[in-house]
Number of protein chains: 2
Amino acid sequence: MIQIDLSDHRPLYEQIKDKIKELIITGAVAENEKIPSVRELAQQLTINPNTIQHAYKDLELEGFIYSVRAKGSFVASASHIKKKTQMQELKTAFAGDVKQACFLGVSKDELIRTINEIYREQEMTADDQSNECC
Amino acid sequence: MIQIDLSDHRPLYEQIKDKIKELIITGAVAENEKIPSVRELAQQLTINPNTIQHAYKDLELEGFIYSVRAKGSFVASASHIKKKTQMQELKTAFAGDVKQACFLGVSKDELIRTINEIYREQEMTADDQSNECC
DNA sequence: TAACTGTATTATAATGACTAATACAGTTAG
DNA sequence: CTAACTGTATTAGTCATTATAATACAGTTA
């Protein structure tokens with residue numbers, strides 16, 4: 001489900017957060033679906049449970065998951081996500097990428113083509129799970 | 001020329017790297033133009049010279065600047081930039097951002113509009129400095 | 001009851017970021 | 001030539017963050 005990249009120098013809990021966000025965003029895990037327990041994922045990745053807990057706590061704060069004591073952690077519905085914060089970060093990140101792409105000589109068309117491809121993929125997976133995303 | 005953002009929790013040297021990259025990318029500093037000396041910038045930002053040196057060393061490795069002992073550090077020509085590495089990273093970053101944008105309900109048109117704006121700006125500053133970028 | 005959940009706490013080790021203080025070698029302007 | 005500036009290197013020490021370790025408690029579920 002998730003794999004740690006040792007060549008990535010960011011903190012483990014950040015990597016885990018991003019990987020789980022990715023799974024949610026791509027629709028690999030559906031709304032209200034259970035994600036691995038803190039201890040289970042820790043064992044799977046051979047890292048400390050506290051590190052997983054750290055990631056899950058953050059994800060809950062950002063609205064991506066919700067945790068229920070004695071039951072587990074689950075994917076939240078899209079409406080619970082703190083979109084304003086996410087959007088803010090996304091905006092600057094996206095603009096930065098585009099500037100760099102421009103600088104590196106990537107054509108506008110190529111960027112737009114990439115966007116179209118990704119949106120098409122996302123729409124398809126969204127249909128599979130009757131998700132109103134996109 | 002550069003300002004430190006205390007609310008940004010990334011390392012100082014990373015911030016400095018990005019700011020200088022930005023200046024180069026946007027054409028605010030031209031090829032072979034001198035950038036502030038290690039000590040000068042350190043004093044300006046009231047941080048340690050070693051931190052600036054760290055940033056400059058990285059930037060040189062990535063091909064954005066070149067440093068000459070006893071003379072200073074200068075903006076490298078575009079051809080020296082390690083484009084393959086940059087492109088690789090850019091590609092995944094861009095794709096990730098687009099996926100997230102899609103997920104957050106941003107329309108394709110809005111992304112494309114942003115791209116157009118940025119490319120227009122960049123082309124203008126590029127014209128000013130007769131730079132063949134974009 | 002046993003085995004599983006999330007959650008919390010405390011202590012400790014390890015790593016990375018930053019500062020500080022120097023030092024050396026080379027350039028350049030006065 | 002000298003003084004003041006450059007990049008570069010080294011060593012040491014501080015500090016914050018990250019990660020681990022070892023427990024503990026409370027609630028669910030088969």
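**Entry 1: a first contact with DNA strand C**

I began with K71(B), where a polar side-chain atom lies 3.2 Å from a phosphate oxygen of DNA strand C. I count such a pair as a polar contact, that is, a pair of N or O atoms within 3.5 Å; within protein, one must be able to donate a hydrogen and the other to accept it, and residues adjacent in sequence count only if both atoms are side-chain atoms. I noted that this is a predicted model, in which local features need pLDDT of at least 70 and side-chain atom pairs count only at pLDDT 80 or more, while totals for chains, interfaces and linings use all residues. Residues are numbered from 1 along each chain as its sequence is written, chains are lettered from A and ligands numbered from 1 in the order in which they are written, and side-chain values use heavy atoms, with hydrogens and water left out.

**Entry 2: the rest of the surface near strand C**

I looked up two further phosphate contacts of chain B. A polar side-chain atom of T51(B) lies 2.8 Å from a phosphate oxygen of DNA strand C, and for L12(B) a backbone N or O atom lies 2.3 Å from one. Two or more residues each are given to this surface by α2 (38-45), α3 (49-61), β2 (65-68) and β3 (72-75) of chain A and by α1 (12-26) and α3 (49-61) of chain B. Here helices (H or I, at least four residues) and strands (E, at least two) are DSSP runs, numbered from the N terminus. The largest share, four residues, comes from α3(A).

I then listed the 26 residues around DNA strand C, of which A70(A), L12(B), N50(B), T51(B) and K71(B) come nearest. A residue is near a strand if one of its heavy atoms lies within 4 Å of it. Of the strand C atoms within 4 Å of the protein, 62% belong to sugar or phosphate and the rest to bases.

**Entry 3: DNA strand D**

I repeated the search for DNA strand D. Of the 26 residues around it, L12(A), N48(A), N50(A), T51(A) and A70(B) come nearest. Sugar or phosphate accounts for 61% of the strand D atoms within 4 Å of the protein, and bases for the rest. A backbone N or O atom of N48(A) lies 3.0 Å from a phosphate oxygen of strand D.

Which contacts reach a base nitrogen of DNA strand D? I found an N or O atom in the side chain of N50(A) at 2.6 Å from a base nitrogen, and a polar side-chain atom of R69(B) at 3.0 Å from a base nitrogen. α3(B) gives the most to the surface near strand D, with four residues.

**Entry 4: how the two chains are related**

I superposed chain A on chain B by least squares on the C-alpha atoms of residues with pLDDT of at least 70 in both. A rotation of 178 degrees with 0.1 Å of shift along its axis does so, with an RMSD of 0.4 Å. That is the relation of a two-fold axis. The same surface serves both copies, since 100% of the contact residues of chain A recur in chain B; contact means heavy atoms within 4.5 Å.

**Entry 5: the sheet of chain A**

I found three strands of chain A in an open, antiparallel sheet, in the order β1-β3-β2. β1 (34-35) and β2 are the edge strands, each pairing on one side only. Two strands pair if DSSP finds at least two bridges between them, and two bridges join β1(A) to β3(A). I35(A) stands opposite S73(A) in β3(A).
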